[in-house]
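User: I would like to learn how to read a few features of a structure. Please take them one at a time, with the general idea before the case.

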There are 2 protein chains.
Amino acid sequence: MDRGNAFDPDCPTRVVLDRIGDKWTVLVIGALEDGPLRFTEVRTRIGGVAPKVLTQTLRAMERDGLLTRTVHAQVPPRVDYELTALGTSLTAPIAMLTDWAESHLTQILASREGYDAALDAR
Amino acid sequence: MDRGNAFDPDCPTRVVLDRIGDKWTVLVIGALEDGPLRFTEVRTRIGGVAPKVLTQTLRAMERDGLLTRTVHAQVPPRVDYELTALGTSLTAPIAMLTDWAESHLTQILASREGYDAALDAR
DNA sequence: GTCATCAGTTACCAATGGTTACCGTCGAAT
DNA sequence: ATTCGACGGTAACCATTGGTAACTGATGAC
């Protein structure tokens, strides 16, 4: 079985790719890699994420079973987010991706510069 | 050096993640894995992509040096898209990701069902 | 002439993602 | 007694992106 089924627009594999492709999911997983965090801890650890968007991301990940959300009945409230085994298993492929990103970043930026320069010349 | 720099909103690693996270980039790479294709060939191989969006995706990938675009001065026109070495090097991490997706899909779908059922119950 | 082919572009619309402000609860401080 | 601040959000609004449908331009075939 190839992964060509990902080409089918209705294939559920797309669904997973969409989740991975989500701008913040990868960052959240990175943030929670070392242990559970509270909402605001996640928020400050990831730069520049709006609370609404973070909530959406966390809820979606909870729905997909990537993390658990535990509410402690306290005041002020305390909500802990923790990766599940499933969520943790995602760290390996993601690490590959970020490694690739870091090692090829200069190439990409150089390519962009060349492309944009060629455009300006026209 | 950790990959924590991805947490910096201005870090260029984000840029790469955004590209990977793009809905169609992964599919295009998969389509071109076996050799160069023409515009419409890519289009038909990937289900459900609008020409405008495909153009945008291909241009962005060209800019990043992931593929080359060669125009043959013919009528009807012929444009070939081919992965560069850089683009090909991305297939490995992507394969890991799709493998993960396929092997954990049932877990995810089950988790979603449970989550949605719990919501409906309320 | 008219039509078909290919690789797009243009104008337009819907959905998604993101930003800024605000809320409710309760203990502590004034 | 009352304001203050922490925390984990929500509400209303706006921007960007994704998507659709129709059209273009060159040319050889019919």
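**How the copies meet**

Analyst: Of the interface residues of chain B, 100% are also interface residues in chain A, so the copies meet through the same surface. Contact here means heavy atoms within 4.5 Å. This is a predicted model, in which local features need pLDDT of at least 70, side-chain atom pairs count only at pLDDT 80 or more, and totals for chains, interfaces and linings use all residues. Residues are numbered from 1 along each chain as its sequence is written, chains are lettered from A and ligands numbered from 1 in the order in which they are written, and side-chain values use heavy atoms, with hydrogens and water left out.

User: What rotation superposes chain B on chain A?

Analyst: Copies are superposed by least squares on the C-alpha atoms of residues with pLDDT of at least 70 in both. Here the rotation is 180 degrees, with 0.1 Å of shift along its axis and an RMSD of 0.2 Å. The two copies are thus related as by a two-fold rotation axis. In chain B, the C-alpha nearest the axis belongs to B:Gly21, 1.7 Å from it.

User: How do I read helix packing, and at what angle do helix 2 and helix 4 of chain B pack?

Analyst: Helices (H or I, at least four residues) and strands (E, at least two) are DSSP runs, numbered from the N terminus. Axes are lines fitted to C-alpha atoms, for helices over the stretch in contact, and angles run from 0 to 180 degrees between N-to-C directions. Helix 2 (residues 25-32) and helix 4 (residues 51-63) of chain B pack at about 75 degrees, with their axes 10 Å apart. That makes helix 2 of chain B roughly perpendicular to helix 4 of chain B; angles under 35 degrees count as roughly parallel, over 145 as roughly antiparallel, 65 to 115 as roughly perpendicular and the rest as oblique.

User: Which residues of helix 6 of chain A meet helix 4 of chain B?

Analyst: A:Ser111, A:Arg112, A:Tyr115 and A:Asp116 do, against B:Arg59, B:Glu62 and B:Arg63. The residues of this contact divide into one nonpolar, one polar and five charged (Ala, Val, Leu, Ile, Met, Phe, Trp, Tyr, Cys and Pro count as nonpolar, Asp, Glu, Lys and Arg as charged, and the others, Gly among them, as polar). The axes of these two helices come within 8 Å and cross at roughly 110 degrees.

User: What should I look for in peptide bonds, and where is A:Pro76?

Analyst: Most peptide bonds are trans. The bond from A:Val75 to A:Pro76 is cis, with omega near -5 degrees. A:Pro76 lies in the loop between strand 2 (67-72) and strand 3 (78-83) of chain A. In chain B, a cis bond joins B:Val75 and B:Pro76, with omega about -5 degrees.
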